[in-house]
Amino acid sequence: MEKWPVGVFASIDAGLGVKLEIAHELGVPTIQLHAPEKSTRTQENADRFLQTLQDYNIRLTAVFGGFEGESYADIPTVMETVGLVPPGPRAERIQEIKEIADFAKMLKCEVVALHLGFVPHDASDPLYQEIVAVTRDVCDHCQQNGQALHLETGQETADALLQFISDVQRDNLFINFDPANMILYGTGEPIEALKKIGKYVRSIHCKDGTWSDKPGETWGAEVPLGEGDVGMENYLRTLGEIGYTGPLTIEREIPEEPTRQKAEIGAAIELLNKLKAKVGCSSSG
Ligand code: MG
């Protein structure tokens, strides 16, 4: 398989990704897919979607779970609403992420990914142990489907993630690395983080952002790829160093501006292709 095929984050009827037709028009060979609405996760729709992927010659590399009631309005709201951490909807969401994994299996996709939510940073916190147990449960379900579970980065520092993965003790638990999230959430310099957690990184986002003046309290800003503080050339070089060869999945979360979204993703594809050539993706690297 080609090293570092470009990809985009895509959506059918839920989530912030581009439509599959746009991915096709942009000519990308891979996508990650935000899981569609519960009512549309049927075998019939899966079969139709697989046919479209085949027609477009696009490979599905991950299915991302998301839940009703999640809000990324600001950092405290993320803590209260996102992922499997909030106790209120947790049981229902555990059931739903398993159903999403089963839908991913219908799509012949071996990677399920999600924002787990803000894991407590103190391992002696009872909530921490609860989240470890929840993650084991979801990993074991994915294992039965022949799937891995990838945790989206952002809310945790690299060290906290390493500790958490070690505590979960499941060998199908990996990381979807998003360098911009490290900046947006203020959880650490992304390139340093990538080097630390490199052995667990099995999928990635190409997204850029600028630091908040109050890191960890208020959001940084998401910006077009190459215009933020990640440093895309250094990012690709570091991905090379850690031995990552998988897709470079562009994520640009401005679905309310589809024209701008498509144009910016087009520019991001150009940037990545230029950097791939420069960093030396084609040969031994
Ligand atoms: Mg991301």
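## Helix H8 on the sheet

In this predicted model, helix H8 (residues 190-197) lies across two strands, E6 (173-177) and E7 (201-206). The helix runs at about 160° to E6. Another helix to look at is H4 (residues 90-106), which comes up again below with strand E4.

## The barrel

So what do the strands build? Eight of them close into a barrel, and the order is E1-E2-E3-E4-E5-E6-E7-E10, with parallel pairing. On average, neighbouring strands of this sheet are turned by 30° against each other, direction ignored. As general background, strands of a sheet pair through backbone hydrogen bonds, and they can do that either parallel or antiparallel.

Take E4 (residues 111-114) and E5 (residues 148-152) as one stretch of the wall: the two run parallel and are joined by four bridges. Val111 stands opposite Ala148 in E5. Helix H4 packs on the sheet here, touching strand E3 (59-64) as well as E4, and its direction makes about 145° with that of E4.

## Strand E2 and its neighbours

Strand E2 (residues 30-34) is mostly covered, with five of its five residues buried. Which residues sit on each face? Thr30, Gln32 and His34 are on one side, Ile31 and Leu33 are on the other, and all are buried.

E2 has partners on both sides in the barrel order. Five bridges join E2 to strand E1 (residues 6-11), and these two run parallel; Ser11 stands opposite His34 in this pairing. E2 also pairs with E3 in the parallel sense, over five bridges, and the bridge partner of Thr30 in E3 is Arg59. The chain gets from E2 to E3 through helix H2 (residues 43-56), in a right-handed β-α-β crossover. E1, helix H1 (residues 20-26) and E2 likewise make a right-handed β-α-β unit.

## The magnesium site

Which residues hold the magnesium ion's protein donors? They are Glu152 (OE), Asp178 (OD), His205 (ND1) and Glu251 (OE), lying 2.0 to 2.2 Å from the ion. Along the sequence, the donor residues follow the spacing E-x25-D-x26-H-x45-E. Glu152 lies in strand E5 and His205 in strand E7, so this pair ties together parts that are 53 residues apart in sequence. Are these two buried or exposed? Both Glu152 and His205 are buried.

## Two loop residues with positive phi

Most residues other than glycine have a negative phi, and two residues here go the other way. Asn57 has a positive phi of about 60° although it is not a glycine. Asn57 lies in the loop between H2 and E3, and it counts as exposed because its relative accessibility is 65%, over the 50% cut-off.

Lys108 is the other case, with a positive phi near 55°. You'll find Lys108 in the loop between H4 and E4. Its relative accessibility is 68%, so Lys108 counts as exposed too.

## The protein overall

Stepping back, the protein's secondary structure comes to 10 helices and 10 strands. Its C-alpha atoms fill a box of roughly 50 × 45 × 40 Å along the principal axes. The radius of gyration is 18 Å; a compact globule with 285 residues would have one near 19 Å, so the value agrees with that picture.

Buried residues make up 53% of the 285 residues. As for contacts with a separation of 6 or more, residues 24 or more positions apart account for 73% of them.

Key:
Residues are numbered from 1 along each chain as its sequence is written. This is a predicted model: local features need pLDDT of at least 70, side-chain atom pairs count only at pLDDT 80 or more; totals for chains, interfaces and linings use all residues. Side-chain values use heavy atoms; hydrogens and water are left out. Two strands pair if DSSP finds at least two bridges between them. Axes are lines fitted to C-alpha atoms, for helices over the stretch in contact, and angles run from 0 to 180 degrees between N-to-C directions. Contact means heavy atoms within 4.5 Å. Buried means under 20% relative accessible area, exposed over 50%, partly exposed in between (1.4 Å probe, protein chains only). A crossover is right-handed if, with the strands pointing away from the viewer, the path from the first strand over the helix to the second runs clockwise. Donors are N, O and S atoms within 2.8 Å of the metal (3.2 Å for Na, K and Ca); water is not among the atoms, so sites may look incomplete. The radius of gyration is taken over C-alpha atoms; the globule rule is 2.2 Å times the number of residues to the power 0.38.
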